[in-house]
Amino acid sequence: MFDPNIILKTERLTLRFINKDDNLAMYENIFHDEDVLKYFIADYIDDFSKIDMDKSRDFAIAREVYIFSVIITKTNENIGMMLECSKPDKYFQNVEIGYAFGKKYWNNGYATEALKEMIEFEFQKGISKVYSGYITENISSKRVMEKCNMLFECKKIKEIKYHDMFYDLEYYYILNPKVFNEGGIKND
């Protein structure tokens with residue numbers, strides 16, 4: 001059951017639903033940083049007054065998809081976001097997860113830690129498969145997925161037009177062992 005009040009916790013991080021209190025952090029860490037937006041598919045926001053995470057929250061709640069702010073628990077710093085890019089239905093019991101983190105927080109294991117928690121969260125909800133995609137030049141994102149035990153699924157050639165260029169995407173996945181192993185279905 002969808003619950004926008006749910007809070008996820010890891011050893012170092014807290015994941016909670018986005019809200020207007022996240023406007024400044026999301027603006028500074030993601031939407032006003034061209035380095036982050038090189039690979040995270042979103043529009044650059046040039047003026048802080050144009051960001052409205054409450055609007056994103058309302059959209060996500062209406063669609064019943066999760067968009068979490070990622071907070072360093074010890075310091076209460078908002079460092080990025082994790083989001084469901086797709087919604088399962090009765091036929092497709094899978095979810096695509098996307099993520100973006102402020103560049104000053106890169107290479108600290110935060111993305112891996114948060115993605116592992118998101119995968120576990122999805123599996124607890126009964127999702128059978130979690131997958132993520134990345135622009136092939138973004139090797140760091142590939143490493144995050146591999147550290148989460150995700151496996152290469154496919155490469156889609158010239159899949160997305162972004163910044164007036166076409167990019168290849170690669171997708172990685174992980175299957176829910178409770179759905180596939182305990183149910184007698186082979187996990188490969």
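Leaving aside neighbours within four places in sequence, which residues is Glu-170 in contact with? Taking contact as heavy atoms within 4.5 Å, the list runs Ser-132, Gly-133, Tyr-134, Thr-136, Phe-152, Cys-154 and Lys-155. The model is a predicted one, where local features need pLDDT of at least 70 and side-chain atom pairs count only at pLDDT 80 or more, while totals for chains, interfaces and linings use all residues. Residues are numbered from 1 along each chain as its sequence is written, and side-chain values use heavy atoms, with hydrogens and water left out.

Glu-170 sits in strand β8, which spans residues 165-175 and has 9 of its 11 residues buried. Strands here are DSSP runs of E, at least two residues long, numbered from the N terminus; buried means under 20% relative accessible area with a 1.4 Å probe, protein chains only. Two strands count as paired if DSSP finds at least two bridges between them. On that footing, β8 runs antiparallel to β6 (residues 129-135) through 7 bridges, with Ser-132 opposite Tyr-172. Strand β7 (residues 151-162) also pairs with β8 in the antiparallel sense, over 8 bridges. Tyr-162 has Met-165 as its bridge partner, and the β7-β8 hairpin leaves 2 residues between the strands, with His-163 in the turn at a positive phi of about 55 degrees.

Back to Glu-170: it's buried, yet has no salt bridge, i.e. no Lys or Arg side-chain nitrogen within 4 Å of a carboxyl oxygen of Asp or Glu. Lys-155, the nearest side chain of opposite charge, is 4.3 Å away (Lys and Arg count as positive, Asp and Glu as negative; His and the chain ends are not counted). The Glu-170 side chain does make a polar contact with that of Tyr-134, at 2.4 Å (a pair of N or O atoms within 3.5 Å; within protein, one must be able to donate a hydrogen and the other to accept it, and residues adjacent in sequence count only if both atoms are side-chain atoms).

Conventions. Buried < 20%, exposed > 50% of the residue type's maximum accessible area, 1.4 Å probe, protein only. Helix = DSSP H or I, 4+ residues; strand = E, 2+ residues; numbered from the N terminus.
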